[in-house]
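Work through the following exercises with the model open in a viewer, and compare each step with the solution given beneath it.

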Amino acid sequence: MNDRTEVGSTRPYWWIDGPPRDQENRSLPQSVDVAIVGAGYAGLSAAITLARAGRSVAAIDKGVPGEGASTRNGGITSGNIRLSHRQLTRRFGRERADALQLEAKAAREDLYRFIADENIDCDFRLAGRFAGALSQSQYDELAREAEHLRRNLGIEAYAVPLAETRTHVGTDFYHGGSVRMDVGGIHPAKLHAGMLRLAEAAGAVVVGGTAITGVSGSEGAFTVATDKGSIAARQVIIATNGYLDGLEPWLQRRIVPVRSRIIVTEPLPPGMMDRLLPTRMMVSDKRRLTYYYRSTPDGQRLLFGGRDGTFEGDPVWPTEHLQQEMVGIFPELRDVGLSHSWFGYVAMNRDMLPRVFQRHGVHYATGCCGSGIVWLRWAGQKVAEKILGAPSRSALDFRPPRSIPLFKGKAWFMPAVFTIMKIQDRISMADGVAGRGGRRLTP
Ligand SMILES: Cc1cc2nc3c(=O)[nH]c(=O)nc-3n(C[C@H](O)[C@H](O)[C@H](O)COP(=O)(O)OP(=O)(O)OC[C@H]3O[C@@H](n4cnc5c(N)ncnc54)[C@H](O)[C@@H]3O)c2cc1C
């Protein structure tokens, strides 16, 4: 590790102002209407909806509730669907493609309403998101997408030509991009803390440090085994997303836990943030390796995230790699140190869609595909509404994701996938450089 990559802490930056609560002193009830496995956004969202409807609920987490992805993410409320409308139509038909896009909009708006109505102090700011293109063809695609969002979904979105890029991002790295104003930033740990408070206030029991080791029985009469005793439950919800374990080997063949990493800089010198992110928008780019960045809510530091590339241990190179990418975009950050670097797991699946489904009577809300602040809170709510007998169905609610050949839960292939995507990104970027008459994008 060189001097610049010497990192102060491997704990999430968010835990300074929003340390997760262990909840280990809560006692496990003997029987409940609904037992929920996992107390991240999905589990707590289901717990709030069910408890407010008068159901007895226990949300049980093997670790500290929130210590999964829900207090360690980038805090960008993207509600992203990875597939384009055309790809969705090809795979799932026009009707579901339209419904999914409408539901993404509804889910995003529902989150914003929830934060406001419930007075959750989570530094929410509807700042907008700039997406950067690496080549002319990517710019054209972003411009088409912005047009589609504006015309068909009524979302304020527009293309940003190369000459205007610096209005939003202080770099010459991009070949233009697009802006959509329906995406913002939150403090993810404060959102989780707010949801935990609401769940408990509604009467749900949220227990930490208790692993669920087995679920047996059938709908209406489940026995949920934990390492601290068993509970009887009429319904069970699995909300384990990228932190799934041996509880359900069939699920482990369908959900790939992919490591995602975030680095945070030391406080920037005065005036620097105004040059890097003049409008304080959230930023992502079109690279396959999915880099994203934003200012911390206090405007002092840059938070930069992307794929980690490993599946075990905690080597230094992913931090160095992210730092190199960050400096590639903002050469001014070359001499700025890092205060934090941490990783967490997102949940991918073959359909590249978050999902709600039921199997052998058990309900599932899972598969965030990297974008779960909007989607998994919504999915937890949808599962709860289904249990409560709500007539309307979610477009996320269909068959379980398909299994992945030769995969049993350990993403051993991630380093190879990372390398392939890195090469693909280099090729896209070389196209971009050629398209700009050979002007280099990186220092
Ligand atoms: C580094 C990183 C950056 C991200 N950035 C963004 C972003 O900017 N925007 C965005 O929208 N999304 C982002 N995400 C994704 C988002 O954080 C997740 O999709 C979301 O938090 C998932 O919530 P969840 O409740 O489904 O799962 P989690 O919060 O991961 O919770 C699952 C819980 O299940 C528990 N569990 C598992 N097995 C058991 C068991 N057997 N018994 C009991 N408990 C169990 C785990 O302990 C864990 O606490 C990011 C994720 C990461 C890791």
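**Exercise 1. Identify which atoms of Gly-74, Asn-73 and Gly-75 lie close to polar atoms of the ligand, and then describe the cover and the shell around the ligand.**

Step 1. In this predicted model, a polar backbone atom of Gly-74 is 2.9 Å from a nitrogen atom of the ligand. The side chain of Asn-73 places an N or O atom 3.1 Å from an oxygen atom of the ligand, and a backbone N or O atom of Gly-75 lies 3.4 Å from a ligand oxygen atom.

Step 2. On its own the ligand has 1000 Å² of accessible area, of which the protein covers 98%, areas being computed by the Shrake-Rupley method with a 1.4 Å probe.

Step 3. Two or more residues of the shell come from each of the elements α1 (41-52), β11 (256-265), β15 (338-348) and α9, where helices (H or I, at least four residues) and strands (E, at least two) are DSSP runs numbered from the N terminus.

Step 4. The ligand is surrounded by 37 residues, the closest being Asp-61, Lys-62, Ser-70, Gly-74 and Ile-76; a residue is included if one of its heavy atoms lies within 4 Å. By class, the shell holds 17 nonpolar, 16 polar and four charged residues, with Ala, Val, Leu, Ile, Met, Phe, Trp, Tyr, Cys and Pro taken as nonpolar, Asp, Glu, Lys and Arg as charged, and the others, Gly among them, as polar.

Before continuing, note the conventions: residues are numbered from 1 along each chain as its sequence is written, and side-chain values use heavy atoms, with hydrogens and water left out. As the model is predicted, local features need pLDDT of at least 70 and side-chain atom pairs count only at pLDDT 80 or more, whereas totals for chains, interfaces and linings use all residues.

**Exercise 2. Determine where Gln-381 is found and whether Gln-381 is buried or exposed.**

Step 1. Gln-381 belongs to helix α9, which covers residues 372-387.

Step 2. The relative accessible area of Gln-381 is 13%, so this residue is classed as buried; the term means under 20%, exposed means over 50%, and partly exposed lies in between (1.4 Å probe, protein chains only).

Step 3. Apart from residues up to four places away in sequence, Gln-381 touches Ser-45, Ala-46, Thr-49 and Asp-110, a contact being heavy atoms within 4.5 Å.

**Exercise 3. Locate Asp-182 and find which side chain makes a polar contact with that of Asp-182.**

Step 1. Asp-182 sits in the loop between β6 (177-180) and α5 (188-201), and with a relative accessible area of 14% Asp-182 is buried.

Step 2. Beyond its neighbours within four places in sequence, Asp-182 is in contact with Arg-108, Tyr-112, Leu-126 and Ile-155.

Step 3. The partner is Arg-108, whose side chain makes a polar contact of 2.8 Å with the side chain of Asp-182; such a contact is a pair of N or O atoms within 3.5 Å, and within protein one must be able to donate a hydrogen and the other to accept it, while residues adjacent in sequence count only if both atoms are side-chain atoms.

**Exercise 4. Compare the settings of Asp-123 and His-360, each with a positive phi.**

Step 1. Neither residue is a glycine, yet phi is about 55° for Asp-123 and about 45° for His-360.

Step 2. Asp-123 lies in the loop between α3 (94-117) and β4 (129-132), and His-360 in the loop between β16 (355-359) and β17 (362-366).

Step 3. Asp-123 is partly exposed at a relative accessible area of 30%, whereas His-360 is exposed at 65%.
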